[in-house]
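Subject: Structure handover: side-chain contacts

Hello,

Here is the structure I said I would pass on. My notes on its side-chain contacts follow below it.

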Amino acid sequence: MKTAGGKIGFGFFEGMKYRESTDSFTEFRNYKNSLPRKTIISHIKNLPVGIAGFPVKDIFTGEDDGVGAIFSDGPFTFPVQFLRYYETYDIGIPPEYEDYLINVVGLK
């Protein structure tokens with residue numbers, strides 16, 4: 001996770017085109033969350049999206065993966081592609097973001 005401009009970024013995996021793409025996908029496989037996966041997915045799908053405006057590719061297949069865009073949730077930002085990886089692979093969200101979702105947003 002990186003902090004920039006008062007925001008905490010995560011899910012910017014190595015191989016993505018974003019400037020801050022330094023997170024290890026393997027590290028996210030180690031995150032185990034207490035919130036139900038479907039609750040997290042539902043919450044993320046309701047967040048506003050900011051467009052970054054450049055083409056991105058899947059980090060595993062190299063296939064086109066749409067246009068670069070960012071979710072913003074309180075102090076956290078993460079790429080839209082993170083949601084697809086989260087839905088597709090056995091990864092978790094960082095504990096700091098889960099704490100925020102439980103203690104600030106009120107998810108259960």
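Aspartate 64 is exposed, its relative accessible area being 62%. Its side chain meets that of lysine 57 in a salt bridge, with 2.7 Å from N to O. Lysine 57 has a relative accessible area of 48%, so it falls under the 50% cut-off for exposed and counts as partly exposed. Please keep in mind that this is a predicted model, so all of the values here are computed from it.

By the rule used, the structure has five salt bridges. One of them joins the side chains of arginine 84 and aspartate 65, again with 2.7 Å from N to O. Arginine 84 belongs to helix H3 and aspartate 65 to strand E4 (residues 64-73), so this pair ties together parts that lie 19 residues apart in sequence. Aspartate 65 is buried, at 17% relative accessible area, while arginine 84 is partly exposed, at 27%. The pair also belongs to a network: salt bridges with shared partners join Asp58, Asp65 and Arg84.

Arginine 84 has a further contact. Its charged end sits over the ring of tyrosine 85, 4.6 Å from the ring centre. Arginine 37 is placed in a similar way with respect to tyrosine 86: the charged end of arginine 37 sits over that ring, 4.2 Å from the centre.

Another salt bridge is the one between the side chains of glutamate 87 and lysine 45, where N and O are 3.2 Å apart. It links distant parts of the chain, since glutamate 87 is in helix H3 (residues 80-88) and lysine 45 in helix H2 (residues 37-45), 42 residues apart. How accessible is glutamate 87? Its relative accessibility is 39%, so it counts as partly exposed. Lysine 45, at 51% relative accessible area, is exposed; the cut-off is over 50%.

Aspartate 23 is a separate case. It is found in the loop between strand E2 (7-9) and helix H1 (25-29). Is aspartate 23 buried or exposed? With a relative accessible area of 6%, it is buried. Its side chain reaches the backbone nitrogen of glycine 11 at a distance of 2.8 Å.

On the aromatic side, a search of the whole structure finds 24 pairs. Among them is the pair of phenylalanine 28 and tyrosine 31, which is edge-to-face: the centres are 5.0 Å apart and the planes make an angle of 75°. Both phenylalanine 28 and tyrosine 31 are buried. Tyrosine 97 and tyrosine 100 also form a pair, with ring centres 6.2 Å apart and planes at 15°, so this pair is stacked. The cut-offs behind these two labels are planes under 30 degrees apart for stacked and over 60 for edge-to-face. Tyrosine 97 and tyrosine 100 are three residues apart in helix H4 (residues 95-105), so about one helical turn separates them. Both of these tyrosines, 97 and 100, are buried.

Regards

Methods:
Residues numbered from 1 in each chain as written. Predicted model: local features only at pLDDT ≥ 70, side-chain atom pairs only at ≥ 80, totals over all residues. Heavy atoms only, no water. Salt bridge = Lys/Arg side-chain N within 4 Å of Asp/Glu carboxyl O. Helix = DSSP H or I, 4+ residues; strand = E, 2+ residues; numbered from the N terminus. Buried < 20%, exposed > 50% of the residue type's maximum accessible area, 1.4 Å probe, protein only. Polar contact = N/O pair within 3.5 Å; in protein donor to acceptor, adjacent residues only side chain to side chain. Phe/Tyr/Trp six-rings, centres within 6.5 Å; stacked < 30°, edge-to-face > 60°. Lys NZ or Arg CZ within 6 Å of the ring centre and 35° of its normal.
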